[in-house]
Amino acid sequence: MASQPELFDVSGPLHLLTSFDWRNTFHRRSLAASLVQGVYSLERDRQRVKMEQHEAHASPWWERFHFQLNHVLVDDTDLSYFGAIYELKYAHPCFYQSTPYPPRYVIAFRGTLITSLTRYEDMKLNMRCVFAKLYESLRFRKAFEAVWNTVIAIGPANVWIAGHSLGASIAMLVGKNMAKSRYHLETYLFNPPFISVLPIEQMIKNETLKDGVRIAGSFMTAGIATAMNIHRDDSEEDLFTLLSEWTPYVYVNPSDPICSEFIGYFQHREKMDEMGVGKYERIATQYSFGSLVSGAIGRDMEPLHIVPTAYMTVNISSSEDLRQAHGIVQWWQPHYEWQSKLYKFKSL
């Protein structure tokens, strides 16, 4: 196994600098993760300047992949850099002759930074995620505006979005809203938070018991949704079915309690189909406990973390601690082990 210094320095994953291939899924994922890391570095550089420490580390994260920084997205509340719009300067013409081909723009969003300058606003936004209120934040509105304007200008096929942790929540919400307008963007979601009252994946280790709890939960959720007349059978007007045409790339680590519930969420849907009760799960999978409670009191609440279709990659390598399991570094390192699978929502 190569040593850490051979694989990574403060300015990017070194193993990709001489052999980058746009058609390689690992390379594309590594690039998206690196551009998200570039946003983290931009904010850290801003804080260094504020503290009169002028050493900068951000630009090599995108320049080494032939991108340039087009625009920085600034949070109006704390003036932090939470996102960036990158523009590709050059890709070999051969890559445009086949699919998938390079994007012209990548819009990336960072996650939470636990520093005195960013902690307060970032944690406020994390709480908005918990209560499905992220869409009300100025940061989301600015992110959506940036993506929308870019897509309208050059088309959805030329735009990627990417984010890590809180930034993945922003990217997911932006992607879902774009999909409602039938703009399906290539999307990379690293360690996206899954908001659950009962984190089954972490709390229950016995597989039989875990399956039993999930099955009971699905029948109960489907029953409540049906009794409350929340569920719609008209597929043409069913928002969940409309969203199923969008397939984000979701990257999770089973040792990370923030995102690991996505593993059970998608795998359980397949098990319900195998048991012949997929019709109940197709109802249950659209709702969270919070959305059912909101529906009961007459308030619509769309669960932020629930997506119908995804290409999920699980890092099955062992993690030393939560910081490593939740970190973005794992998604560009070549020595980890991954399992990937497409999970597609079946509306009928």
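This is a short talk about a few strands, one helix and some salt bridges in a single protein model.

Hi everyone, and thanks for coming. Please keep in mind throughout that we are looking at a predicted model.

Let's begin with the strands. Find strand β8, residues 249–252. On one side of the pairing list we have strand β7, residues 186–190, which pairs with β8 in the parallel sense over three bridges. If you want a spot to look at, L189 stands opposite V250 in β8. Strand β8 also pairs with strand β9, residues 310–315; these two run parallel as well, and four bridges join them. Here you can look for Y249, whose bridge partner in β9 is Y311. While you have the strands on screen, remember a general point: in a regular strand the side chains alternate between the two faces of the sheet.

One more strand before we move on. A162 lies in strand β6, residues 159–164. Is A162 buried or exposed? With a relative accessible area of 1%, A162 is buried, because the cut-off for buried is under 20%. Its C-alpha atom is 8.5 Å from that of M172, and those two residues are 10 apart along the chain.

Now for my favourite, helix α4, residues 119–130. Let's do a quick check on its length. The helix has 12 residues, and at 1.5 Å a residue it should span 16 Å; the end C-alpha atoms are 17 Å apart, which agrees. Which residues of α4 are buried? They are E121, D122, L125, N126 and C129. These five cover an arc of only 145° around the axis, so they sit on the same side of α4. The general rule helps here: an α-helix has 3.6 residues a turn, so residues three or four places apart point the same way.

At the end of this helix is V130, which counts as partly exposed because its relative accessibility is 39%. Together with M127 and F131, V130 makes a nonpolar surface patch of about 290 Å².

Next, salt bridges. In general, side chains of opposite charge can pair when their charged atoms come close. How many salt bridges does a search of the whole structure find? The search finds 12.

Let's stay with D122 in α4, which is buried, with a relative accessible area of 0%. The side chain of D122 meets that of R110 in a salt bridge, 2.8 Å from N to O. R110 is in the loop between β5 and α4, so this pair ties together parts that are 12 residues apart in sequence. R110 counts as buried too, at 1% relative accessibility.

D122 has another salt bridge, this time with R139, where the closest N and O atoms are 3.1 Å apart. That pair links distant parts of the chain, since R139 is in helix α5, residues 138–154, and lies 17 residues from D122. Salt bridges that share partners join D75, R110, D122 and R139 into one network.

For a pair within one helix, go to α2, residues 25–50. There R46 forms a salt bridge with E43, and the closest N and O atoms are 2.8 Å apart. R46 and E43 are three residues apart in the helix, which means about one helical turn separates them. Both of these residues are buried.

That's my tour, so please ask away!

Note on methods. Residues are numbered from 1 along each chain as its sequence is written. This is a predicted model: local features need pLDDT of at least 70, side-chain atom pairs count only at pLDDT 80 or more; totals for chains, interfaces and linings use all residues. Side-chain values use heavy atoms; hydrogens and water are left out. Two strands pair if DSSP finds at least two bridges between them. Patches are made of residues with over 30% relative accessible area and no salt bridge: like charges are joined within 9 Å, nonpolar side chains (Val, Leu, Ile, Met, Phe, Trp, Tyr) within 5 Å. Accessible areas come from the Shrake-Rupley method with a 1.4 Å probe; for residues, only the protein chains shown count as cover. A salt bridge is a side-chain nitrogen of Lys or Arg within 4 Å of a carboxyl oxygen of Asp or Glu. Buried means under 20% relative accessible area, exposed over 50%, partly exposed in between (1.4 Å probe, protein chains only). The expected span of a helix is 1.5 Å times one less than its number of residues. The arc is that of the directions from the helix axis to the C-beta atoms.
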